[in-house]
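Biologist: I am new to this structure and would like a close look at a single part of it. Please take the answer slowly and connect each step to the next.

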Amino acid sequence: MMDKLKGLDTVQYLVVVLLSYLLTFGLLGSLGVREYLITNYSRMVDFVVFLLIYLIAFAALAYFVDWLWSVLNIRKK
C-alpha cells in the first residue's frame, strides 16, 4: 500500500484526502452515525470507528484515484 501512496502526485494526494474526508465525515456524519455512536457508546468509540473508516477509505481511494488517472491519461509521462 505504501508503494501506491508514494506513486501519487500532489494533486492526486489532495483529491484522495478530500474525498476520504467527505466520504467519512460528510456522508456518515449526515446519516447520523456519529450521533448514534456518541449517544450509545462514547466519544472514544466514535473517534476510533471514524479513524478506522477514514483510513480504509483513504487506502481504497488511493488505488481508485491512481487507476482513474491512468485510465483518463491525466498523468503526463
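Is Ser 20 buried or exposed, and what is its relative accessibility?

Modeller: The model is a predicted one, and that should be kept in mind throughout. Ser 20 lies in helix H2, and it counts as buried because its relative accessibility is 0%, where buried means under 20%. To see what surrounds Ser 20, it helps to begin with the chain as a whole and then return to this residue.

The chain holds four helices and zero strands, so that, read from the N terminus, its elements run α-α-α-α. Of the 77 residues in the chain, 26% are buried, and Ser 20 belongs to that buried group because its relative accessibility is 0%. Among the contacts in the chain with a separation of 6 or more, 72% are accounted for by residues 24 or more positions apart.

Ser 20 itself, when residues up to four places away in sequence are not counted, touches Tyr 54, Ala 57, Phe 58 and Leu 61. These four residues are also listed among the buried residues of helix H4, which include Asp 46, Phe 50 and Trp 69 as well. An α-helix has 3.6 residues a turn, so residues three or four places apart point the same way.

The next step is the pairing of the helices to which these residues belong. Helix H2, which covers residues 10–30, packs with H4 at an angle of about 140 degrees, and their axes are 8 Å apart; that angle makes H2 oblique to H4. The crossing of H2 and H4 is right-handed, and the residues of their contact divide into 19 nonpolar, three polar and one charged.

Helix H4 deserves a few words of its own. With 29 residues, H4 reaches 41 Å from its first C-alpha to its last, which is close to the 42 Å expected at 1.5 Å a residue. After H4 comes Asn 73, whose phi is positive, near 55 degrees.

Helix H2 also packs with H3, at an angle of about 75 degrees and with axes 6 Å apart, and the two are therefore roughly perpendicular to each other. In this contact, Phe 25, Leu 28 and Gly 29 of H2 meet Val 33, Arg 34 and Glu 35 of H3; by class, these are three nonpolar, one polar and two charged residues.

Helix H3, covering residues 33–40, in turn packs with H4, covering residues 43–71, at an angle of about 140 degrees with their axes 7 Å apart, which makes H3 oblique to H4. On the H3 side the contact is made by Val 33, Arg 34, Leu 37 and Ile 38, and on the H4 side by Arg 43, Val 45, Asp 46, Val 49 and Phe 50. By class, this contact has six nonpolar, no polar and three charged residues.

Within H3, Leu 37 offers a second buried residue to set beside Ser 20, since Leu 37 has a relative accessible area of 10%, while Ser 20 has a relative accessibility of 0%. Leaving aside its neighbours within four places in sequence, Leu 37 is in contact with Ser 42, Val 45, Asp 46, Val 49 and Phe 50. One of these partners, Val 49, is twelve residues from Leu 37 in sequence, and the two are 8.8 Å apart in space, C-alpha to C-alpha.

Technical notes:
Residues numbered from 1 in each chain as written. Predicted model: local features only at pLDDT ≥ 70, side-chain atom pairs only at ≥ 80, totals over all residues. Heavy atoms only, no water. Axes fitted to C-alpha atoms, helices over the stretch in contact; angles between N-to-C directions. Parallel < 35°, antiparallel > 145°, perpendicular 65-115°, else oblique. Contact = heavy atoms within 4.5 Å. Nonpolar A, V, L, I, M, F, W, Y, C, P; charged D, E, K, R; others polar. Expected span 1.5 Å × (residues − 1). Buried < 20%, exposed > 50% of the residue type's maximum accessible area, 1.4 Å probe, protein only. Left-handed = near helix turned anticlockwise from the far one by under 90°.
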